[in-house]
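Please consider the following points alongside the sequence and the coordinates. They concern symmetry, packing and secondary structure.

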Protein chains: 2
Amino acid sequence: MQTTSTASFEDLLSSRARIGFTGRRPTAAGTVQRYDFGGGRPDPVSFPIEDLTTAFAQMMAEVGREALTYGEAQGYSALRELLVDKFRRHDEIEAEPDNFLITNGSSHALSLVISAFVDVGDPVICEAPTFSGTLVTLRRHGPDLIGIPVDDEGMRTDVLEERLNDLRRQGRRAKLIYTIVNFQNPAGPTMSLRRRHELLRLAAEHQVVVLEDDAYGELRWEGEPLPSLYRLDQNGLVARAGTVSKILGAGTRIGWILAPTAMIPHFQGFKFDGGTNPLVSRLVTYYLRGHMDEHIEDLIAIYHSKRDAMTETLEETLGDTDAVWSRPEGGFFIWMKLPTGGEAKRVVELATKEQVTVVPGMSFMPNGGGEDYIRLAFSYASVDDIREGVRRLGRAIKASL
Amino acid sequence: MQTTSTASFEDLLSSRARIGFTGRRPTAAGTVQRYDFGGGRPDPVSFPIEDLTTAFAQMMAEVGREALTYGEAQGYSALRELLVDKFRRHDEIEAEPDNFLITNGSSHALSLVISAFVDVGDPVICEAPTFSGTLVTLRRHGPDLIGIPVDDEGMRTDVLEERLNDLRRQGRRAKLIYTIVNFQNPAGPTMSLRRRHELLRLAAEHQVVVLEDDAYGELRWEGEPLPSLYRLDQNGLVARAGTVSKILGAGTRIGWILAPTAMIPHFQGFKFDGGTNPLVSRLVTYYLRGHMDEHIEDLIAIYHSKRDAMTETLEETLGDTDAVWSRPEGGFFIWMKLPTGGEAKRVVELATKEQVTVVPGMSFMPNGGGEDYIRLAFSYASVDDIREGVRRLGRAIKASL
């Protein structure tokens with residue numbers, strides 16, 4: 001009996017098990033503070049509990065036996081057809097169901113692309129800052145991470161070009177460019193059209209695969225949507241990850257990769273899960289068929305008002321300092337440069353005492369830095385809690401100086 | 001736009017993407033023949049559609065908001081508590097919730113253990129024959145597979161000892177012993193108690209991790225259940241994979257690893273899915289709380305009668321040949337040595353023409369062989385279809401000789 005455990009297995013671990021292994025147990029998602037501006041957690045009040053319950057009953061009555069057994073290796077075909085239609089209507093993408101691989105959420109989609117292309121020591125390019133969750137996955141693959149700065153138009157493609165040329169001079173080649181094109185997480189900008197074209201030109205010239213992450217793209221309340229890198233690409237080098245986590249609920253764990261069909265089997269090769277959940281794939285399909293556009297409209301209104309509540313209260317609370325924060329056109333996050341003298345580590349400590357959770361900037365940096373930044377999610381807390389939490393955060397920041 | 005695809009990404013693929021990559025797209029699960037004795041598909045008539053629908057409504061009303069957002073990294077704690085209770089009652093295992101990692105089905109559980117321990121070229125021991133799905137996962141990790149024959153008491157531990165000693169003489173060491181202890185898939189035997197003790201003695205002496213696969217253990221209608229390797233082990237070397245796929249429905253994709261707590265973070269390190277499905281984890285927990293024991297009793301009766309239908313009709317149809325088949329005490333499968341002169345490849349071809357699906361023995365062999373064996377699943381087809389399908393299979397076998 002094994003309630004105690006010995007460590008005699010440890011010298012049997014694979015080399016991959018040792019890469020980037022911190023030994024840290026992830027923290028339980030249950031420990032949420034009152035004023036939670038931490039993770040990208042969807043608004044819980046927006047969850048369509050009743051409509052999902054109705055969709056479940058209808059789905060089970062109609063296709064319950066299929067839903068409870070093994071499914072298609074590439075994912076439920078009716079869900080892939082629904083995605084074809086969605087991307088045709090919203091991004092003018094002419095895809096086929098075979099261009100999609102359904103995954104256990106977007107993080108799983110990203111990991112499959114990373115596993116298919118990245119060996120230990122391979123150069124991999126990402127934005128600096130970039131999404132902390134992807135950094136954890138990337139680091140488990142042992143790449144040489146190269147961070148490219150971000151400005152109001154997204155990734156600085158002039159710096160990208162320099163780095164690609166540097167690599168070429170060294171006889172090396174980047175495997176992957178990872179980019180978050182809309183409301184970049186955490187910095188906030190949407191990549192401009194000319195940068196999108198420029199990035200694709202560089203990817204083609206240097207023959208690098210582009211991993212386009214767009215978990216939040218549907219949730220835009222300002223500005224015009226721009227065509228995706230996947231749509232603009234002419235060279236079959238873009239794989240695009242998406243999810244229903246932010247438009248329906250992260251608990252469904254349904255995401256996808258949209259990619260050239262020739263890439264799909266290479267991603268499937270790292271999928272050892274017996275096929276992405278057939279039951280939830282059907283539930284999500286039944287729900288979205290009837291409710292997608294209308295539900296997304298509701299969500300846009302909710303998150304728009306939450307962003308406004310946060311930026312207004314930031315202005316009230318920190319408008320007398322030289323702190324700078326983003327004002328994203330969509331998504332869940334605000335990125336803040338702390339007032340002069342502010343240190344993220346100290347701010348996080350003091351904010352925690354005020355029952356406020358924020359994420360320190362260092363979590364988002366591929367090559368260090370970020371000590372004077374924090375990220376605030378306005379997605380989860382209620383509008384009232386956002387206002388009170390930002391006031392408390394303002395006190396914590398001022399006390400830290 | 002990317003409806004056509006180029007192959008310019010192919011020289012960017014990682015070394016791991018090339019290991020064991022066949023380029024074959026998995027076949028769609030939709031293409032089931034009338035008399036399907038192929039995969040380990042649960043009986044579809046047994047799926048508790050109505051009770052699951054009721055459980056879903058109750059779960060959503062009570063914990064819908066939790067169910068639709070990110071969950072605990074190690075898996076839903078109430079499900080892990082339910083498993084603690086289940087294993088205490090059925091296997092006298094004193095585990096804690098921290099001994100469990102919830103996974104996307106058993107195949108995902110197995111892959112996490114394999115990834116944590118197996119590097120390219122590492123010796124890995126398994127039964128010959130063994131489960132074809134695990135062979136695919138193992139081969140993607142590039143090990144040196146060593147098959148150990150199976151007899152009526154399960155894995156031949158005398159041969160295992162020889163192989164372990166061979167490796168020691170070569171200055172090598174096996175990383176993993178993969179074994180299916182109950183109703184071994186495909187061969188059928190349950191490993192005897194003395195072999196269980198012997199296997200654990202050898203694992204401790206040679207310091208090898210044991211991966212115990214028990215997807216079918218609950219479904220026993222004959223013979224006495226024996227203590228699991230996990231329960232018998234005194235050295236913290238056993239990880240045990242389980243699933244609700246066979247007792248509830250494979251479409252739920254809920255499985256687990258039960259292992260020493262010190263091993264769990266190493267498995268989590270290969271889990272890039274944002275946490276196993278919080279929605280279905282709660283649905284399964286709500287359903288099993290009210291129905292587990294009673295539902296398993298119903299399933300045992302169903303599969304018992306299906307095994308009997310298959311063995312009786314085999315006796316009627318092939319009793320006049322020297323074919324030999326197993327008579328498992330539980331599970332889903334019968335393993336058949338074809339009559340003298342029979343070839344699995346030819347039998348599969350002729351059976352397909354009779355609308356009967358069976359799996360050729362070669363699929364289950366780690367080091368070749370199996371050409372004179374086939375595996376028959378009695379789990380999926382109805383009793384009437386089992387009888388008619390076996391008659392058709394008998395004709396195909398006789399025609400092939």
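**Notes on the predicted model**

1. The largest nonpolar core has 191 residues, of which F37(A), I374(A), L376(A), F37(B), I374(B) and L376(B) touch the most other members. Such a core is a set of buried Ala, Val, Leu, Ile, Met, Phe, Trp, Tyr and Cys residues joined through side-chain atoms within 4.5 Å; buried means under 20% relative accessible area (1.4 Å probe, protein chains only). Leaving aside residues up to four places away in sequence, L376(B) touches, among others, F37(B), M310(B), F332(B) and L393(B) (contact: heavy atoms within 4.5 Å).

2. This is a predicted model, in which local features need pLDDT of at least 70, side-chain atom pairs count only at pLDDT 80 or more, and totals for chains, interfaces and linings use all residues. Side-chain values use heavy atoms, without hydrogens and water, residues are numbered from 1 along each chain as its sequence is written, and chains are lettered from A and ligands numbered from 1 in the order in which they are written.

3. A turn of 180° with a shift of 0.0 Å along the axis lays chain B on chain A with an RMSD of 0.0 Å (least squares on C-alpha atoms of residues with pLDDT of at least 70 in both). That is the relation of a two-fold axis. The same surface serves both copies, as 100% of the contact residues of chain B recur in chain A.

4. In strand β9 (residues 255–258) of chain B (strands are DSSP runs of E, at least two residues, numbered from the N terminus), G255(B) and I257(B) on one side and W256(B) and L258(B) on the other are all buried. The bridge partner of T103(B) in β9(B) is G255(B), and that of G242(B) is W256(B).

Methods. Buried means under 20% relative accessible area, exposed over 50%, partly exposed in between (1.4 Å probe, protein chains only). Helices (H or I, at least four residues) and strands (E, at least two) are DSSP runs, numbered from the N terminus. Two strands pair if DSSP finds at least two bridges between them.
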